[in-house]
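Reader: I should like to learn how a model of this kind is read, feature by feature. Could we begin with confidence and then turn to the sheet and the helix contacts?

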Amino acid sequence: MENTEQPRSISGSMQSPRSPPSSQPYLSVSVSDPVKLGNGVQSYISYRVITKTNFPEYQGPEKIVIRRYSDFVWLRDRLSEKYKGIFIPPLPEKSAVEKFRFSAEFIEMRRAALDIFVNRIALHPELQQSEDLRTFLQADEETMERFRFQETGIFMKKPADLMQMFRDVQSKVSDAVLGKEKPVEETTPEYEKLKHYVFELENHLSEAQKHAYRLVKRHRELGQSLLDFGKAVKLLGACEGEPTGKAFSDLGTKSELLSIKLQKEAQQVLMNFEEPLKDYVRYVQSIKATIAERGTAFKQHCELAETTKLKEINLDKLMLTRSDKVGEAEIEYREIKAESEEATRRFERIVKRMNEEIVRFQEQKTEEMGVAFHQFAKGQARLANGIADAWRALLPKLEASSSV
């Protein structure tokens with residue numbers, strides 16, 4: 001099912017515009033106030049989702065609802081099903097490690113990622129028109145829960161659809177065993193270029209994210225080492241007389257303060273540098289899923305076009321021989337031709353959307369990665385200057401102590 005409404009452009013960056021201008025159409029969303037609910041394995045985090053908009057199809061200028069992670073998953077699944085060819089924004093991964101699930105750091109990282117996720121949808125010219133987005137942003141919790149627990153995927157298919165699915169799988173297995181299977185793949189230069197770009201981008205982003213993780217770890221380890229060193233030097237100073245003891249105590253205190261500075265900077269690098277890189281690794285995986293959908297659509301388009309030709313040839317033969325099966329063959333031909341034309345339109349729609357999406361993605365990536373690298377460089381400069389100033393201020397005291 002495709003959305004046919006005309007897209008509406010809105011202003012703002014990829015982050016939530018908290019005070020949008022009322023003179024222009026806008027849809028602004030914020031995800032805040034994570035709260036742990038439930039006990040044991042049934043526990044989960046809920047979030048306040050605040051929507052501000054002047055879109056006429058919404059219930060009012062502001063709406064506040066409570067949502068949980070599975071509600072965001074529902075929204076993404078619905079959009080993925082209905083908007084083939086669009087790069088649906090990624091969700092943060094769900095922690096499989098229980099001890100990290102409710103840590104303050106993990107909860108804040110997820111909240112920030114969910115905020116980015118829903119605002120990317122709200123700012124997308126097609127996705128912002130989705131009825132499912134309106135449901136997500138406006139429905140009460142009971143209604144949202146009912147939608148979330150509706151059966152989806154394979155279990156929503158009719159028995160006839162399931163039988164056809166199993167026949168298709170059986171046919172493909174037979175063809176593979178008999179050596180008949182021939183891959184049907186799109187090979188245009190533009191498509192090959194797109195795939196090469198996406199796979200190369202994923203490799204480079206993954207490598208950068210891996211080193212960002214190591215950098216965060218290094219800052220934290222150095223901060224802990226300075227903290228331990230500071231405590232040890234203070235104890236050493238307590239055994240010494242003046243002025244050596246005082247100098248050692250000052251050295252220990254300064255080490256502890258620098259430890260705090262390093263830990264804070266490690267957190268900043270994590271949130272403003274490593275997480276954006278990780279987010280874009282997930283985003284590229286979403287693009288790869290869209291590429292796979294395009295491949296499936298192309299294969300269906302080719303197979304149905306071939307089947308249509310065969311049906312047409314068969315119909316021509318029956319008409320020449322004036323067979324009594326002409327009427328039945330004509331019906332089959334018209335049905336498969338209509339199905340083939342729809343498959344062609346579906347494939348062409350995906351191609352058109354992907355061409356538009358890759359431009360949007362590259363512009364967005366340039367802007368957001370530019371911000372991330374700028375924040376990283378500023379933080380490292382601030383940290384280096386702070387450490388240098390701290391040690392520089394301590395030098396006169398240590399020099400005075402050593403000259404006594």
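**Reading the sheet and the helix contacts**

Author: Let us take one helix crossing as an opening example: α3 and α8 cross in a right-handed sense. The contact is made by E105, E108, M109, A112, A113 and R120 of α3 together with Q267, L270, M271, E275, D279, Y280, R282 and Y283 of α8. Sorted by class, this contact has seven nonpolar, one polar and six charged residues.

Reader: At what angle do helix α3 and helix α8 pack, and how far apart are their axes?

Author: Helix α3 (residues 104-123) and helix α8 (residues 244-320) pack at about 50 degrees, and their axes are 11 Å apart. The angle therefore makes α3 oblique to α8.

Reader: Before we continue, where in the chain is confidence lowest, and where is it highest?

Author: The model is predicted, and confidence is read along the chain. The average pLDDT is 85, and 84% of the residues score at least 70. Helix α6 (residues 159-178) has the lowest confidence, with a mean of 50, whereas helix α4 (residues 131-138) has the highest, at 96. Over residues 1-17 the pLDDT is below 50; this stretch nevertheless has 51 contacts in the model beyond near neighbours in sequence.

Reader: In what order do the strands of the sheet lie, and how are they paired?

Author: The open sheet is formed by three strands in the order β1-β2-β3, with antiparallel pairing. β1 (27-37) and β3 (62-68) stand at the edges with a single partner strand each, so one side of each has no neighbour in the sheet. On average, and ignoring direction, neighbouring strands are turned by 20 degrees against each other.

Reader: How many bridges join the strands in each pair?

Author: Nine bridges join β1 to β2, and seven join strand β2 (residues 44-53) to β3. Individual positions give the register: K36 stands opposite I45 in β2, and Y47 stands opposite R67 in β3.

Reader: What connects β1 and β2, and which residue in the turn has a positive phi?

Author: β1 and β2 form a hairpin with six residues between them, and G38 in the turn has a positive phi of about 80 degrees.

Reader: How should one think about the two faces of a sheet?

Author: In a regular strand, side chains alternate between the two faces of the sheet. Here one may then ask which helices lie across the strands. Helix α1 (residues 69-82) lies across β1, β2 and β3 and runs at about 105 degrees to β3. α4 also lies across β1, β2 and β3, at about 90 degrees to β3.

Reader: How do the axes of α1 and α4 cross, and which residues meet?

Author: The axes of α1 and α4 come within 9 Å and cross at roughly 170 degrees. That angle makes α1 roughly antiparallel to α4. On the α1 side, D71, F72, W74, L75, R78 and K82 take part, and they meet D132, L133, T135 and F136 in α4. By class, the contact has five nonpolar, one polar and four charged residues.

Reader: How does α7 cross α8, and into which classes do the residues of that contact divide?

Author: The axes of helix α7 (residues 189-238) and α8 come within 7 Å and cross at roughly 165 degrees. The two helices α7 and α8 are therefore roughly antiparallel to each other. α7 passes α8 in a left-handed crossing. The residues of the contact of α7 with α8 divide into 31 nonpolar, 17 polar and eleven charged.

Conventions. Residues numbered from 1 in each chain as written. Heavy atoms only, no water. pLDDT = per-residue confidence, 0-100. Helix = DSSP H or I, 4+ residues; strand = E, 2+ residues; numbered from the N terminus. Contact = heavy atoms within 4.5 Å. Axes fitted to C-alpha atoms, helices over the stretch in contact; angles between N-to-C directions. Parallel < 35°, antiparallel > 145°, perpendicular 65-115°, else oblique. Left-handed = near helix turned anticlockwise from the far one by under 90°. Nonpolar A, V, L, I, M, F, W, Y, C, P; charged D, E, K, R; others polar. Pairing = 2+ DSSP bridges.
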